[in-house]
Amino acid sequence: MNISSKISNVNGRMPLRLKIWIHFVVFILLMFVLMWIFQIFFLESFYESMKTRSVTENAVEIVESYENEYKDGNRTDFINKYSEVAVNNDVCVEILDKYGRSIYSKDVLGECLVHGKENRTYKFLNEIRRIEEPEALYKVSNPKNSGDMLVYICVLGSVRSPEGYLLINSELAPVGSTVSIIKRQMFIITIILIFIAAIISVFLADIISRPIDRITKSAENMAKGDLNTQFDGRGYLEAQKLADTLMYAEKELSRVDTMQRDLIANVSHDLRTPLTMLKAYAEMIRDLSGDNPVKRNEHLEIIINETDRLSAMVNDILDLSKLESGKQKMNPTEFEISSKMKDIIGRFKGVSEKMGYHIHFTPDTERIVCCDVGKIEQVIYNLINNAINYTGDDKQVYVRQINQPDGVLIEIEDTGDGIEEDKIKLIFDKYYRSENHKREVVGTGLGLSIVKVILKLHGYDYGVRSTLGKGSVFWFRINGGKNL
C-alpha cells in the first residue's frame with residue numbers, strides 16, 4: 001500500500017468532512033428532540049406551573065394592598081387594586097370576613113367556583129380551617145364545562161386569629177387542542193429545518209475540512225520526499241498554525257537531509273583516506289618490506305596511526321550521538337580548574353616537541369568549579385586541538401583562564417587566518433571545516449560539535465570572536481565557582 005493510501009485510509013477511519021456533517025446533523029436532531037419534549041410532553045405541566053405561580057403572585061399583591069391600604073382606611077385604593085388584579089389576570093376574587101361573609105368580590109369569568117350558582121366558598125373555607133395552614137391551592141373540575149380550575153385561598157391575618165380570607169379562582173384553559181396544533185407545526189418545521197440543516201452542514205463541513213484536505217495532500221507530497229512543498233493553511237487559525245508547523249518541520253527535514261548527505265560525504269571521505277592507506281601499506285608489507293625490519297616497522301607504524309585515527313573518528317561519532325540523544329547524563333563534581341587545564345595542556349607536549357607548536361597558558365588564581373570534569377576536559381582538549389589545526393605559521397596557541405564574579409572564563413586563541421563573519425554561525429556544525437584548515441594535526445570534524453552539545457547540556461555560554469588575518473578566540477564560561 002502506498003503512502004497516500006495509508007494516510008487517507010488509516011484503520012478505515014471516517015473522513016473529516018463526513019464526521020463534521022454527522023456531528024452537525026446529530027446536534028440538530030438533539031435540538032429538535034428537546035423542542036418536542038418541552039413543547040409537547042411538558043407543555044401542560046409547564047402551563048399549570050406558570051398559572052399557579054401567577055395566582056400566587058396575584059394573592060401577594062392583594063394581601064400587600066390589604067395590609068398597606070385597607071387597614072389604613074384607604075378602602076377605595078384597596079378595591080381598585082384587587083379589581084385591577086382580577087381584570088388584568090382574568091381571575092375571580094372573593095374577600096371574606098373572619099366569619100366567612102363576603103365583603104368584596106370581583107367576577108371576571110362569568111361563572112366561577114367562588115361566585116354564582118356553583119359557589120363553593122364555604123367548602124374551601126372549611127378546608128383551610130381544618131388544615132390550619134395560612135394558604136392552600138386546589139385544582140378542581142368545573143361541573144359546568146368539565147374544565148379544570150385553580151382555587152387559591154389564604155388567611156388574612158394569623159391562622160389562630162384570622163381577620164378574613166382571600167379566595168382567587170383562575171381557569172385552566174385546555175391545552176389538548178393547542179398541543180395538537182403545535183404538533184402539526186413542529187412536524188412541518190422539523191422536516192424543513194432538517195433539510196436545511198443537512199444542506200448547511202454539508203457546506204460547513206466542506207469549508208472546515210478544505211484547509212485540512214489541502215494540508216494533507218501537501219503532507220503526502222512531503223512524505224514522498226518532496227521537501228519543497230508549500231502548505232496552504234488559509235481558512236481558519238488552527239489550520240494556519242498546522243501549516244506553519246509543517247512548514248517548519250519541512251525546513252528542519254530539509255536541513256537534516258542536507259546534513260545527512262554532508263555527513264555521509266564527509267565520513268566517506270575521512271574513512272576512504274585511512275582505509276586506502278591501511279590497504280596500501282599492508283600490501284607493501286606483504287610484497288616489499290616483509291623481510292626488511294626497518295621498513296616493515298615504519299609501515300606498521302603508519303597502519304597503527306591510521307587505525308587510531310579511525311578509532312578516534314568512531315568514538316567521536318558515538319560520543320556525539322549519545323550526547324544528542326540525551327543518553328549520556330552530566331555528573332557534576334568539584335575540581336580545581338587551573339590544575340586540570342595544566343594537565344590537559346601537558347598532553348600536547350608530544351605535539352609541541354615533534355611539530356614545533358607552542359601552547360601558552362595564562363592561569364588565574366586557582367578556583368574550584370562544579371561540573372562534569374570529564375566532559376569539560378573534553379571541551380578544553382577539543383578547543384586546543386582545533387586551535388592547533390588552525391593557528392598561523394608561527395604555530396602559537398594561547399590558553400587563558402580568567403576568573404569572574406559569576407564564573408570562570410576560558411579562552412583559546414589561535415593566530416590563523418580567522419573566520420568570515422557569515423561562517424562563524426556554521427563553525428560548530430557537524431563536519432564543517434574552514435577552507436584554511438592546516439591538516440598537520442588530523443581531526444575528525446566533530447570536535448566543535450561535541451563542544452557545543454556538552455556546553456549546552458551544562459547551560460554554559462560559549463562563542464567565537466574572530467578577526468580576518470589575525471586569528472580566532474573560542475571561549476566558554478563555567479558558571480559559579482569558589483576561590484581556594
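A hairpin of two intervening residues connects strand E9 to strand E10; helices (H or I, at least four residues) and strands (E, at least two) are DSSP runs, numbered from the N terminus. The model is predicted, so local features need pLDDT of at least 70 and side-chain atom pairs count only at pLDDT 80 or more, while totals for chains, interfaces and linings use all residues. Residues are numbered from 1 along each chain as its sequence is written, and side-chain values use heavy atoms, with hydrogens and water left out.

Around this hairpin, E9 and E10 run antiparallel and are joined by eight bridges, with Gln-404 opposite Gly-407 in E10. Two strands count as paired if DSSP finds at least two bridges between them. Strand E9 also has a parallel partner, strand E7 (residues 358–362), to which five bridges join it; here Thr-362 stands opposite Arg-400 in E9. A separate description applies to the open sheet of three strands, which has the order E6-E8-E13 and antiparallel pairing. Its edge strands, E6 (333–336) and E13 (482–483), each pair on one side only. Two bridges join E8 to E13, and Ile-368 stands opposite Lys-482 in E13.

What, then, is the size of the largest nonpolar core, and which residues have the most contacts inside it? This core has 38 residues, and Ile-384 and Phe-476 have the most contacts inside it. A nonpolar core is taken here as a set of buried Ala, Val, Leu, Ile, Met, Phe, Trp, Tyr and Cys residues joined through side-chain atoms within 4.5 Å. At least two core residues come from each of helices H9 (337–346), H11 (373–390) and H12 (447–458) and strands E8 (367–371), E9 (396–404), E10 (407–414) and E12 (471–479). Helix H11 gives the largest share, seven residues. Leaving aside residues up to four places away in sequence, Ile-384 touches Ile-344, Ile-345, Phe-348, Ile-359, Val-399 and Ile-412, a contact being heavy atoms within 4.5 Å. Apart from this core lies another, of 18 residues, including Val-55, Ile-62, Ala-86 and Leu-156.

Turning to the aromatic rings, a search of the whole structure finds eleven pairs. Rings of Phe, Tyr and Trp (its six-membered ring) pair if their centres lie within 6.5 Å, and planes under 30 degrees apart count as stacked, over 60 as edge-to-face and the rest as tilted. Phe-78 and Tyr-104 form an edge-to-face pair, at 5.9 Å centre to centre and 70° between the planes. Because Phe-78 lies in helix H4 (residues 75–89) and Tyr-104 in strand E2 (residues 102–106), the pair ties together parts that are 26 residues apart in sequence. Phe-78 counts as buried at 1% relative accessibility, and Tyr-104 likewise counts as buried at 15%; buried means under 20% relative accessible area, exposed over 50% and partly exposed in between (1.4 Å probe, protein chains only). Ring pairs also link Phe-78 and Tyr-104 into a cluster with Tyr-66, Tyr-70 and Tyr-82.

Across the whole protein chain there are twelve helices and 13 strands. Buried residues make up 36% of its 484 residues. Among contacts between residues at least 6 apart in sequence, 63% join residues at least 24 apart.
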